[in-house]
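Student: Hi! Could we go through this protein together? I'd like to learn how to read it.

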Amino acid sequence: MAAMLQPQIILLKEGTDTSQGKAQLVSNINACTAVADVVRTTLGPRGMDKLIHDDKGNVTISNDGATIMKLLDIVHPAAKILVDIAKSQDSEVGDGTTTVVLLAAEFLKEAKPFIEDGVHSQNLIRSYRAASQLAIEKVKELATSIEGKSLEEKKSLLGKCAATTLSSKLIGGEKDFFASMVVDAVIAIGNEDRLNMIGIKKVPGGTMRDSFLVNGVAFKKTFSYAGFEQQPKKFLNPKILLLNIELELKSEKENAEIRLSDPSQYQSIVDAEWNIIYEKLDKCVESGAKVVLSRLAIGDLATQYFADRDIFCAGRVAEEDLHRVAAATGGTVQTSVNNIIDEVLGTCEVFEEKQVGNERYNIFSGCPSGRTATIVLRGGADQFIEEAERSLHDAIMIVRRAMKNSTVVAGGGAIDMEISRYLRQHARTIAGKSQLFINSYAKALEVIPRQLCDNAGFDATDVLNKLRQKHAHPSGEGAPYGVDINTGGVADSFANFVWEPAVVKINAINAATEAACLILSVDETVKNPKSESAQGEAAASAMGGRRGGAAFRGRGRGMRRQ
């Protein structure tokens, strides 16, 4: 009786939504599976594209997992974790974003029946972590190094990695053409870590085959003044001066007040202003530079002045382009024209202005330090070029990773099947429940080859059975066998040059396992909604404040108090 009379304890604010326990966990798993279903069909060379248009009316057609995840604007708190791992995979290795989302969702899907049967999620997490360690060790063991090869061999090997990445993209039809372009661009920047040293410029029109690589810097012709057309448009071995100052006739910025007693003195002030700009221009010419670039405006007076002296100039050059020119030509951006010495001037073999489509481009090629490259992309529709740029970004990241961590594994679902087989074998040696959990982890890894088959329209069960049979061979010779997209059977992925850097797989397995464990470890969600009355009060006070402010401003300058 006493227990019944105890008052109810109210701990959280009214309207707080709490859900906990098994149902909560299962609902989170369902949300993650739903997100994965969106990107599921984009996996692999036969993957479909998604067309997403946002509230602003921008249309994006993409095959890239990370891009789709970013644009989906997911609000479910657990499903957001999948967006984060896709982003981290994109920034870390560039490719494998769809893979990582699929793996994480599949791990959760395999865990769901255990959770429903009352298994404690910590037991699952422990087994999953152990399985991921074993899987990563196996990847490292199966990886083949491409170190110590000659430059030509290395180029062709890196080209294979880039082609594998590009095969699943919109520009997959021209993968060999773009793969060699990407490899040349990455080799051009050498050990330079900054990705922005590879510029990608988009010019609508023409075909994909019209795209080209500039071993140096290219940027669109900037806004120009009269006199620009009189300037020479091609130089051999010019000196290049890079500035961050305006070369314009400006009245003094400071609000200086000058009192004149004699009108004739006014002319001397005007002359002083002209002399300032002429002095700046003279110093630029004396430096011996034939190409003058500035981040700020170069006015009509300066343009004509340089044209008369056969010097090319461009103002309002984008900052990142200017920095890339500086890195390529060995010049330094100057903030003053005083004391310009030869050391701060850059140089290149050829500078020319060229027509690309209906745009004109300034192209610096044959740069001495050669730590930059620019890919000029052509294509029919804007969305197409945008997607091509995203695809090239992935390929560039992959080639950079493969150069740094020079180990590759067989793609096409081969490595996933091999790890799956290894984990199943390993699970048999473990006593207790974790045998089942590691087995389910192994089964989840098969989602990659299965999805590759589904997306290509093959019978997934049939192909997977063939793959299992190949991989179960005791000699281990079936390890590199994966899905053959062209015939619908199985083939040696390694021999067919379907390669991917080992770091992509390692990162994907790591991130997917982490995400799955994180979602499995959540057993309660508390949502704190702001109570509606509080929102109403806040809005009212804001309105009142604004109205009050307006009333206060009403009596301003020139209004006498009544």
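Student: How many residues lie between β17 and β18 in their hairpin?
Tutor: Four residues sit between the two strands of that hairpin. Before we go on, keep in mind that this is a predicted model. In the turn, Gly 488 has a positive phi of about 85 degrees.

Student: Okay, and which way do β17 and β18 run, and how many bridges join them?
Tutor: They run antiparallel, and four bridges join them. As an example of who faces whom, Tyr 481 stands opposite Asp 492 in β18.

Student: Switching topic: what is the strand order in the open sheet of three strands?
Tutor: The order is β5-β15-β6, with mixed pairing. β5 (198-204) and β6 (212-214) are at the edges, and each has a single partner strand, so one side of each has no neighbour in the sheet.

Student: By how many degrees are neighbouring strands of this sheet turned against each other?
Tutor: On average by 20 degrees, if you ignore direction.

Student: And what about β6 and β15, which way do they run?
Tutor: Those two run antiparallel, joined by three bridges. β15 covers residues 373-379, and within β15 the bridge partner of Leu 213 is Ile 375.

Student: Cool. Now pockets! How much space lies in the largest pocket?
Tutor: About 940 Å³. The pocket is lined by 48 residues, and the closest to its centre are Pro 45, Thr 164, Thr 165, Ser 167 and Val 498.

Student: Which elements give two or more residues to that lining?
Tutor: Among them are α5 (97-116), α8 (175-189), α15 (447-456) and α17 (502-520). The hairpin strands from earlier, β17 (481-484) and β18 (489-492), are on the list too. The largest share comes from α7, with seven residues, and α7 spans residues 151-167.

Student: What classes of residue make up the lining of the largest pocket?
Tutor: There are 13 nonpolar, 21 polar and 14 charged residues in the lining.

Student: One last thing. How many disulfides does the structure hold?
Tutor: Zero. In case the word is new, a disulfide is a covalent bond between the sulfur atoms of two cysteines.

Student: Then what about Cys 348, buried or exposed?
Tutor: Cys 348 counts as buried, because its relative accessibility is 2% and the cut-off for buried is under 20%.

Student: And Cys 517, why does that one count as buried?
Tutor: By the same kind of reasoning: Cys 517 has 2% relative accessibility, so it counts as buried.

Definitions and conventions: Residues are numbered from 1 along each chain as its sequence is written. This is a predicted model: local features need pLDDT of at least 70, side-chain atom pairs count only at pLDDT 80 or more; totals for chains, interfaces and linings use all residues. Side-chain values use heavy atoms; hydrogens and water are left out. On a 1 Å grid over the protein atoms alone, a cavity is a set of points where a 1.4 Å probe fits but cannot get out, and a pocket is an open set with protein on both sides within 12 Å along at least five of seven lines; lining residues have an atom within 4 Å of a point. Grid points are joined across faces, edges and corners, and a volume is the space filled by probe spheres set on the points. Ala, Val, Leu, Ile, Met, Phe, Trp, Tyr, Cys and Pro count as nonpolar, Asp, Glu, Lys and Arg as charged, and the others, Gly among them, as polar. A disulfide is a pair of cysteine sulfur atoms within 2.5 Å. Buried means under 20% relative accessible area, exposed over 50%, partly exposed in between (1.4 Å probe, protein chains only). Two strands pair if DSSP finds at least two bridges between them. Axes are lines fitted to C-alpha atoms, for helices over the stretch in contact, and angles run from 0 to 180 degrees between N-to-C directions.
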